Each structure stands twice: as structure tokens, then as C-alpha cells.
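Student: I should like to learn how descriptive words for a protein model are justified. May we go through them one at a time?

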Amino acid sequence: MSLDRNGFLIAVIVFLAAAGLAVGFYFVGTGDPDPAPFRNVPGDPVAGRIALERIGCGSCHAIDGVRVGGGRVGPALNDLRQQRYIAGRLPNTPDNVVRFILDPQGVSPGSAMPDLRVVDAEARNMVAYLYTLGGR
Amino acid sequence: MPVLSHVPNARRWVPVTVVVAALLAGCEMPLALAPRGPAAAEIASIWWILFWIAVPVSVIVFSLLGIAIVRARAIAREQDEHDEHDVRVAERLRETGADVGLPEASRPARVSWLEGRTTGFVIIGGGVIPTLILIFTTVMTLQGLAVFDTAPEDVAYSVTARGHMFWWQFEYPDHGVVTANEMHVPVGRSVRVELESADVIHSFWVPQLHGKIEMIPGKTNVIHIQADEAGTYFGKCAEFCGQQHANMEFLVIAQEEAEFESWLEAQAADAPEPTDELAQRGRDVFVDSQCALCHTIRGVNQAAPGVAPDLTHLATRRTLAARTLPNVRGNLGGWILDPQGIKPGSRMPAVNLSSDEFLALLEYLDGLR
């Protein structure tokens, strides 16, 4: 009898643990990172993440939290904030990243990065999001 | 809560209702049970009849099981008590030496309503009733499904749907239209769909419009679908067909007939001429690269038929790679450069292009409206 009861308790504990893990992974898995913007980056990182997904950036760049795409064409952007240069030629500042997104060929002639006709405010949001990633 | 005040003990049910509502809020009705066409409606009604048969059957069977468990435990407990009682009597006999004899029938006779009727119960409950239910459901299902074999009288259009690893080709042979991963139909009209396969067995499934029908190499299956409401309906391959089976989806777009007609007309036209210099260069890149060996752009080239999606009006489609990606410029670029990163196992190889060639090609393809 007590064996049955222990077996039942173990089953309940295992079930609860599994359910807890599932819930945990759900929240971890959606991976909405801390939306607090990195200082000195004007823009809305939450809107930025959505824009990155909608514009299709994830097809070429690996970006944490952007779910769509393969991300192997261009550099991963998860540590963008730590880079000293962007596009191989400009010092890494939020304004310069915005410039590059708005006019890739103008900033870096010969780059394969296409002009995706992003508008200024959207580009600022995207940069705000990218600067929340990595190396806290 | 003026409404609830009419219901006795209403407050007691509030937390229950809240919890149940919260749980149900996470659910969505399966698409197959939200039919938008006659064929799917037939399937849904069969499903609901089976469901309402299954509910009482389950309730009765699980109740009997519960009763059996409870009664078995009660009997076991009583037996234990009586065994203990017998032992006590025997001990007292030994102590006193008195010859009072063993008590007779110390175990209670339990008379059940089933006593002597168990065989009949099993035959009726386990044999007769299930047989009747199965005969009824079989006849009902076959009758319902027979509807699919009779062609409706007013078939408006004919489409050939061909399954490929891992995408769909839709051809409107009477109109000279070939497109991919997106099938358009007029609302309220019956459309004949011929189902074929180019390689392995696929299954054509638009849950809100029709049941799953196999696409079998070397055999043409015919179904008739009709969408009763304008809208975008989700479809997918329902027969495991290989590595990218999960990303083999498509859309059925039901439009008012006039709108559908103008879509057909636009799709039948050759690809638009590129207007600016970059796109013109992109067209040259397309023709000179490997792209043109597998993909046809009507008015530009003729590739081997049926190898890869026709791109004549690529930019009008909502998705890329059989609904793997939304069809936006960024995704189109990524897909051209790294199809194996986005959809590993897809039949599309990466093409080596210089950045100039790539940007021109992207400009051209993105303008194929």
C-alpha cells in the first residue's frame, strides 16, 4: 500500500517537475530579452525586434529573439555592441549603424547588404534592439 | 453581477468558470472543425456525431470502471475484517476449551444486481451495443464520404495541383497560369482540383475546405473544393514526404469571382519588363546564372518544366519557399543566397553570385509583380 502511495507521489512530483520545466522553457524560449534600452540609443527596442523580424533581417543575420530565417549569410549581430567597427569601415556607434541600414551601398560600396527601404525611425528601433543583445 | 444573481449559488461557480475560461482561452478550435466549405462541413458533422457518441460511451465505461474499483476495495476490506473476526473466535475457543463450534457463514453474502446476469451483461455491453454503434458510424461515414466522389454540377474552374519535395505547383490549364504555393479560388464556386505528385507521395490538405487527399506519383486524384467565404485558408502536406515535410505549406486564397478573374488575367501575362537599369541587369544575371535552368519566368526563359517554382509573378505571392518565410525583400535576399540555411534539404542550391550580381537579381525578382 505504502509502495503504491510512494509511486503515486513520485509520479506527481515527476509530472509537476516536467510541467514546471515546460513552463520555464516556454518563457526562456521566447527569449524576449530585457527591453531596457542600452544607454544613449534612442529608439524602442521592442518595436525594433518586431521590425527586424518583419523586414526579414533574420534570413541573413543570426539575431537572438528574431525567430525567422537561417542567419548564415551575413555576420551574426548578437555581439554587435562589442564590435569596434561596423561594415568594416565605420566606428560602431548607434548613428553609424542606422546610417548603414539606411544606405548600405553608400556606406560600404560593394557590400552584399541590400537596401531594404527601411525608414529612419524603424532603423533606430532596430539598432536599439540590437544594442540590448549580448555582453552585459 | 445582475445576470448571475438569477442563478442559485452563482458565486460558487465563479472561480470554476474563471479557471475553465482561462484554460480554454489557450485553445483554438482545430481548423477542421471550423469548416468554410461543403466538403469540410461534411467531415466536421461526421466528427461531431462521433464525438457525441463517444461522450456517453466514455462516461458509462469510466463510471463502470470506477464502480468496479470502489466495490472491489470495499469487498477486500470486509473480507479482512471477517478474517480477523474468525481468528479472534478461534483463539477464544482455544483459551476456553468450550466447544461452541465455528460460526457459520461469517462472510456476508453479497448479492449484486448482476448476480447470474454477468454473461448477458458482457454480451450486450461488450458485443451487441458496440456492434450497433460501429455499424451506424460506418454507414454514416461512408454515406458522408460518398458525397466527395460525385462531381458537383456547376464546376467553374479546374486546377492541377502538383506536389513536389517540398513545394506546390498550381496550374490553371485553361488560362495558361502556373504559380506556386498559393492557390486562388472564386468564392462560392466549385473548383475541380486534380492532384498529382512529381516525386513521392504527398497529401493535399486544406482543413477548412476539404479532407486530406493523397497525391500519388503516376495517379491523378480528383477533388472538388468550394470556399463559402472570402479569405485566406491554410494548407499543408499531410503525408510525411521527407526532410522538409514540415515546411511544405501553402495558402488558398478565396476571392470574389471578379477579383479572381482579374488575378487569373494578371497571372497569365508574361513577366513585367524591368524599368530601371539595375533590374534590367538583374534579369541578365537571372538568365546567365544557374537560376534559369530550373526556374521559368514567362517572357524571359523556359526552364525544364516542373523542376522549380515558376517565378513569373513571384512578387505577388505572400510567402516564399512553401510558406517558410513571408515574401519580403529581406527574406527573398536571404533565400536566394542561403536556401540550405533557411530550409535544409530543400532542392534549391545556393548560387555563387558577386554582391553586384546579387543586388541586381534581388531588385529584378522583387519587381516581378
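Student: What makes α2(A) and α5(A) roughly perpendicular to each other?

Tutor: In this predicted model, the axes of α2(A) and α5(A) cross at roughly 105° and come within 7 Å. Angles of 65 to 115 degrees count as roughly perpendicular, and α2(A) and α5(A) therefore receive that description.

Student: Which residues make the contact between α2(A) and α5(A)?

Tutor: From α2(A) come Pro45(A), Ala47(A), Gly48(A), Arg49(A), Ala51(A) and Leu52(A), and from α5(A) come Glu122(A), Asn125(A), Met126(A), Ala128(A) and Tyr129(A). By type, the residues of this contact are seven nonpolar, two polar and two charged. Gly48(A) falls on the polar side of that division, because the definition places Gly among the polar residues.

Student: Why is helix α5 of chain A called mostly covered?

Tutor: The helix spans residues 120-130, and nine of its 11 residues are buried. Among them are Glu122(A), Arg124(A), Met126(A) and Leu130(A). The buried residues of α5(A) pack against α2 (45-55) and α3 (94-102) of chain A. For chain A as a whole, 33% of the 136 residues count as buried.

Student: How is the rest of chain A arranged along its sequence?

Tutor: Chain A has five helices and two strands, and from the N terminus on their order is α-α-β-β-α-α-α. Among contacts in chain A with a separation of 6 or more, 49% join residues 24 or more positions apart.

Student: In chain B, what makes α5(B) roughly perpendicular to α9(B)?

Tutor: The axes of α5 (residues 277-288) of chain B and α9(B) come within 7 Å and cross at roughly 105°. That value lies in the range of 65 to 115 degrees, which means that α5(B) is roughly perpendicular to α9(B). The residues in contact include Leu278(B), Arg281(B) and Phe286(B) of α5(B), with Glu357(B), Leu361(B) and Tyr364(B) among those of α9(B). This contact divides into eight nonpolar, one polar and four charged residues.

Student: How do you know that β4 and β7 of chain B are edge strands?

Tutor: Five strands of chain B form an open sheet in the order β4-β10-β9-β6-β7, with mixed pairing. The strands β4 (182-186) and β7 (213-215) each pair on one side only, and they are the edge strands. From one strand to the next, the twist averages 25°.

Student: What makes β6 and β9 of chain B a pair?

Tutor: Two strands pair if at least two bridges are found between them. Strand β6 (residues 202-205) and strand β9 (residues 231-237) of chain B have two bridges, in the antiparallel sense, so the condition is met. Lys236(B) in β9(B) is the bridge partner of Trp205(B).

Student: Which helix lies across β4 and β10 of chain B?

Tutor: That helix is α4 (residues 257-268) of chain B, which runs at about 135° to β4(B). This angle is neither in the range of 65 to 115 degrees nor over 145, so the direction counts as oblique.

Student: Why is Gly334(B) counted as buried?

Tutor: A residue is buried if 20 or more other C-beta atoms lie within 10 Å of its own. Gly334(B) has 29 such neighbours, and therefore counts as buried. Gly334(B) lies in helix α7 of chain B. Beyond its neighbours within four places in sequence, Gly334(B) is in contact with residues including Gly56(A), Cys60(A), Val73(A) and Ile342(B).

Student: How many residues does each chain bring to the contact between chains A and B?

Tutor: Chain B gives 16 residues and chain A gives 16 residues. On the side of chain B, α7 (329-337), α8 (339-342) and α9 (355-365) each supply at least two, and α7(B) gives the most, with seven. That side of chain B comprises eight nonpolar, six polar and two charged residues.

Student: Is Ala271(B) buried or exposed, and what makes it so?

Tutor: Ala271(B) has 23 other C-beta atoms within 10 Å; the limit is 20 or more, so Ala271(B) is buried. Ala271(B) is placed in the loop between α4 and α5 of chain B. Its contacts beyond four places in sequence include Ile297(B), Val300(B), Thr312(B) and Leu368(B).

Conventions
Residues are numbered from 1 along each chain as its sequence is written. Chains are lettered from A and ligands numbered from 1 in the order in which they are written. This is a predicted model: local features need pLDDT of at least 70, side-chain atom pairs count only at pLDDT 80 or more; totals for chains, interfaces and linings use all residues. Two residues are in contact if their C-beta atoms, placed from the backbone, lie within 7 Å. Helices (H or I, at least four residues) and strands (E, at least two) are DSSP runs, numbered from the N terminus. A residue is buried if 20 or more other C-beta atoms lie within 10 Å of its own, exposed if 12 or fewer, and partly exposed in between; C-beta atoms are placed from the backbone. Axes are lines fitted to C-alpha atoms, for helices over the stretch in contact, and angles run from 0 to 180 degrees between N-to-C directions. Angles under 35 degrees count as roughly parallel, over 145 as roughly antiparallel, 65 to 115 as roughly perpendicular and the rest as oblique.
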